[in-house]
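Here are a few short exercises to work through with the coordinates open. Try each task yourself before you read its solution.

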Amino acid sequence: MRDLGFVTYGDAAKGNRPKGYSTGGQVTLLVSKQFRRGLEDICSLVSWRSFKLPRKIIGINGGESQAFSFAEDHIWLARLFWAELHGVPIERGRLDQAVKDVHGAVATDSRGIYDAAVSGESPQKGLRSSFTGMELEYACQAALRCGTVLRWVHGGAMLGDSLTKATAVARRTM
């Protein structure tokens with residue numbers, strides 16, 4: 001169980017849906033230790049989804065923050081399920097402890113969201129929109145509680161791109 005872990009790539013595209021709504025996308029992989037260290041290795045596609053983000057956004061950070069929050073929620077559930085499959089006791093009130101037993105990482109290609117997540121000290125995380133800042137703060141606190149690693153990847157390595165953008169370049173990433 002300790003040799004494998006999960007990585008969820010979360011991405012967003014601004015205003016590409018009717019009525020000004022945006023699209024979120026996430027890809028979750030079951031990965032090895034080598035993959036988690038940044039080396040090429042075999043991985044298994046566990047889940048993927050493309051979805052309408054619930055809030056309209058002003059700037060791309062608002063969409064990326066929502067995508068990050070959904071990715072963190074999803075990886076938490078995947079890790080909890082994996083822990084339960086491997087005999088980790090699941091007790092109400094101690095779920096985060098069970099999740100900590102399984103390695104997990106959330107990847108974003110948004111430098112603004114990544115920088116705010118790892119270095120922002122205020123509740124707003126240094127972002128212009130207070131709602132975006134609070135949403136990111138909550139997701140970061142949940143990630144820290146469970147030992148989730150936050151990763152930045154360049155746009156060419158963002159697997160969620162193919163689920164948020166309708167371009168040939170984005171589709172080739174998957």
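The exercises below deal with a predicted model, and each solution goes step by step.

**Exercise 1. Find which residues of helix α4 are buried, and work out how they are arranged around the helix axis.**

Step 1: Take helix α4, residues 111-119, and pick out the residues under 20% relative accessible area. These are Ile113, Ala116 and Ala117.

Step 2: Look down the axis of α4. The buried residues fall within an arc of 100°, so they line one face of the helix.

Step 3: Ask what covers these buried residues. The cover includes helix α2 (60-85), helix α5 (130-146) and strand β5 (149-152).

**Exercise 2. Locate the salt bridge within helix α4, and say how its two residues are spaced.**

Step 1: Search the side chains for a pair. Asp115 and Arg111 meet in a salt bridge, at 3.5 Å from N to O.

Step 2: Check the spacing. Both residues lie in α4, four residues apart, which is about one turn of the helix.

Step 3: Check the accessibility. Asp115 is partly exposed at 33%, and Arg111 is partly exposed at 42%.

**Exercise 3. How many salt bridges does the structure hold, and which parts does the pair Asp96 and Arg145 tie together?**

Step 1: Begin with the total: the structure holds five salt bridges.

Step 2: Turn to Asp96 and Arg145. Their closest N and O atoms are 2.7 Å apart.

Step 3: Place the two residues. Asp96 lies in helix α3 (residues 95-100) and Arg145 in helix α5, so this salt bridge ties together parts that are 49 residues apart in sequence. Arg145 is partly exposed, with a relative accessible area of 41%.

Step 4: Add another of the salt bridges, the one between Arg94 and Glu91, where the closest N and O atoms are 3.8 Å apart. Here Arg94 is partly exposed at 49%, and Glu91 is partly exposed at 41%.

**Exercise 4. Is Thr23 buried or exposed, and which side chains make polar contacts with its side chain?**

Step 1: Place the residue: Thr23 lies in strand β2, residues 23-32.

Step 2: Read its accessibility. At a relative accessible area of 5%, Thr23 is buried, because buried means under 20%.

Step 3: List the polar contacts. The side chain of Thr23 meets that of Asn16 at 2.8 Å and that of Arg17 at 2.9 Å.

Step 4: Widen the search to residues more than four places away in sequence. Thr23 touches several of these, among them Asp11, Ser50, Phe51, Leu53 and Leu163.

Technical notes: Residues are numbered from 1 along each chain as its sequence is written. This is a predicted model: local features need pLDDT of at least 70, side-chain atom pairs count only at pLDDT 80 or more; totals for chains, interfaces and linings use all residues. Side-chain values use heavy atoms; hydrogens and water are left out. Buried means under 20% relative accessible area, exposed over 50%, partly exposed in between (1.4 Å probe, protein chains only). The arc is that of the directions from the helix axis to the C-beta atoms. Contact means heavy atoms within 4.5 Å. A polar contact is a pair of N or O atoms within 3.5 Å; within protein, one must be able to donate a hydrogen and the other to accept it, and residues adjacent in sequence count only if both atoms are side-chain atoms. A salt bridge is a side-chain nitrogen of Lys or Arg within 4 Å of a carboxyl oxygen of Asp or Glu.
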